[in-house]
Amino acid sequence: MNSSKNLTTFDAGDYIFREGDLGENAYIIESGIVELSLDRDHQNIVIATLSEGDIFGETAIVEHSPRSTSARALSATKVTEIPIDYVRQKIEHSDPTVRMFLRSTMARYRELSARLGHMIESLLPFPGKFENTKDYTSTTMELKSIVSQFTDMQKRIDQAVTSPVKAVGDSPVSERTLEITRVLVTEEKLLRQAIAQQQFRLHYQPIVDLMQNKIVGCEALVRWHHPSGDLVLPSGFMTQIESTDLIIKLGYWIAEEACRFQSRVYNQLRLDFFVSINLSGKQFNDAGLISRLDEIMNTTRASRPRIKFEVTESLLIDNPELATQSLKQLKDTGARLAIDDFGTGYSSFSYLHRFPFDALKIDRSFVSTMARSHKSEQIVKSLINLAHDLEMEVVAEGIESSKEADMLRTWNAEYGQGFFFSRPVDEASFLALLKPRIKRGEVG
Ligand code: C2E
Ligand code: CA
Ligand code: CA
């Protein structure tokens, strides 16, 4: 956690702040439920009920105004506090975090305005609810005045966001950058909710023993089941997830889900079977990574030599010291390591013997062109030989034809993966692919 942010716990019923208080912090809900409300003539008017991933209290910070609502924990609630000084500093430097606050503020006011508008509408057909017309009129007038206050605030904030913002070095931020930021901020909120609401799923792509022509393992690949019904591939969300701390949480969920799957196939179906799990370089910034993965392998009863963590060259290049230390520790847990997408990055061969890799995954850009490009063919052959000389197994990715599979067999590549064998599929379909092995009564 960033040193400028603090985690605080509230009990059910506690006020986090009250209407009129001066704002010192904005908040992100880590867990629990928070109600935002207005007090009018001792009547509590609920404005919003917020849960994990939601931000609140940001408007007073952005506007430097007193709290316009009260915030109360409805259950035991953990929040990250973001102090005003931190936000101000970020505004000055036009940091994405600040733009996130601004964006969220605008969105909240729109929501408030809309809700209050609905309140007025719902009151209008029922003047009989009030003892006299005067009460009714004053209530609706008051509500209208609240709406107009909110609308005014929203306009001011809209102006603040859309007018050129001073960036570092005084260069104005372009409209395009702001638009991108708005989109990113909305996405980040959606992604936080997606994690909280468990909208992610793992799909599994078979990894085939090329000599025996049978499925011996799989790679776990994450997908986002978007509320719209779409299945979103990692290219649609991974960059955004990796640019925030969300990757840490999602990364653990992925590891746990994948280890559980390995354990089910290995311990219950009794098949010798490995699962490959992708680790993002960003996950290594979390000091607790290795011990948590160790714990996950324990609790899921996964077979450690049959869990393979895949990392890419960028991890080794961006932070070689951290990578050396972390990969050694990861190897000490008993799990295996693979270098992924080999050949697409800087590909210094010196990495290969400096790091304790068990397997080398040849990138699909070489495999998919090797049947028609002599150069790709030579690269694939050399990579296979290099891996074998360094006592590593080879997994060739992106096999799309029987010709490619045959070429790789000739060159003694151990494993293959690609659409020729199967696309990544959900767990039920994957288990169906394993049926021939189960029928043969193979025991691990
Ligand atoms: P990757 O690790 O290289 O994963 C292999 C990608 O190649 C997958 O794309 C897979 O669907 C695709 N693929 C496999 N065989 C073929 C083939 O024969 N032809 C073609 N054209 N493509 C093939 P996917 O699932 O879209 O994942 C893309 C990338 O997103 C992954 O590349 C990996 O870098 C990242 N990713 C996926 N799942 C995870 C995850 O759980 N954690 C992390 N950190 N990254 C992930
Ligand atoms: Ca991979
Ligand atoms: Ca790969």
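This is a short dialogue on reading metal sites, aromatic contacts and a sheet in a predicted model.

User: Which residues coordinate the calcium ion (ligand 2)?

Analyst: The protein donors are Glu219 (OE), Asn278 (OD1), Glu310 (OE) and Asp340 (OD), lying 2.1 to 2.3 Å from the ion. Along the sequence, the donor residues follow the spacing E-x58-N-x31-E-x29-D. Glu219 belongs to strand β10 (residues 214-225) and Asp340 to strand β14 (residues 336-342), so this pair, 121 residues apart, links distant parts of the chain.

User: Which residues coordinate the calcium ion (ligand 3)?

Analyst: Asp340 (OD), Asp341 (OD) and Glu397 coordinate the calcium ion (ligand 3), with Glu397 (OE) listed twice, at 2.2 to 2.5 Å. The donor residues are spaced D-D-x55-E in sequence.

User: Which residue coordinates both the calcium ion (ligand 2) and the calcium ion (ligand 3), and how far apart are they?

Analyst: Asp340 bridges the two ions, which are 3.8 Å apart.

User: Are Asp340 and Asp341 buried or exposed?

Analyst: Residues under 20% relative accessible area count as buried, those over 50% as exposed, and those in between as partly exposed. Asp340 has a relative accessible area of 6%, so Asp340 is buried. Asp341 has 26% and is therefore partly exposed. Glu219, a donor to the calcium ion (ligand 2), is buried, as is Asp340.

User: How many aromatic pairs does a search of the whole structure find?

Analyst: A pair of aromatic rings is described by the distance of the centres and the angle of the planes. Here the search finds 14 aromatic pairs. One cluster linked by ring pairs contains Tyr204, Phe261, Phe273 and Phe430.

User: Over which rings do the charged ends of Lys308 and Arg423 sit?

Analyst: The charged end of Lys308 sits over the ring of Phe274, 4.0 Å from the ring centre. For Arg423, the ring is that of Phe419, and the charged end is 3.9 Å from its centre.

User: In what order do the four strands of the open sheet run?

Analyst: Strands of a sheet pair through backbone hydrogen bonds, either parallel or antiparallel. In this open sheet the order is β1-β8-β3-β6, and the pairing is antiparallel. Because β1 (6-10) and β6 (55-56) each have a single partner strand, they stand at the edges, and one side of each is left without a neighbour in the sheet.

User: How many bridges join β1 and strand β8, and which residue is the bridge partner of Thr8?

Analyst: Five bridges pair β1 with strand β8 (residues 77-83) in the antiparallel sense. The partner of Thr8 in β8 is Val79.

Terms used: Residues numbered from 1 in each chain as written. Chains lettered and ligands numbered in written order. Predicted model: local features only at pLDDT ≥ 70, side-chain atom pairs only at ≥ 80, totals over all residues. Heavy atoms only, no water. Donors = N, O, S within 2.8 Å, 3.2 Å for Na, K, Ca; no water. Buried < 20%, exposed > 50% of the residue type's maximum accessible area, 1.4 Å probe, protein only. Phe/Tyr/Trp six-rings, centres within 6.5 Å; stacked < 30°, edge-to-face > 60°. Lys NZ or Arg CZ within 6 Å of the ring centre and 35° of its normal. Helix = DSSP H or I, 4+ residues; strand = E, 2+ residues; numbered from the N terminus. Pairing = 2+ DSSP bridges.
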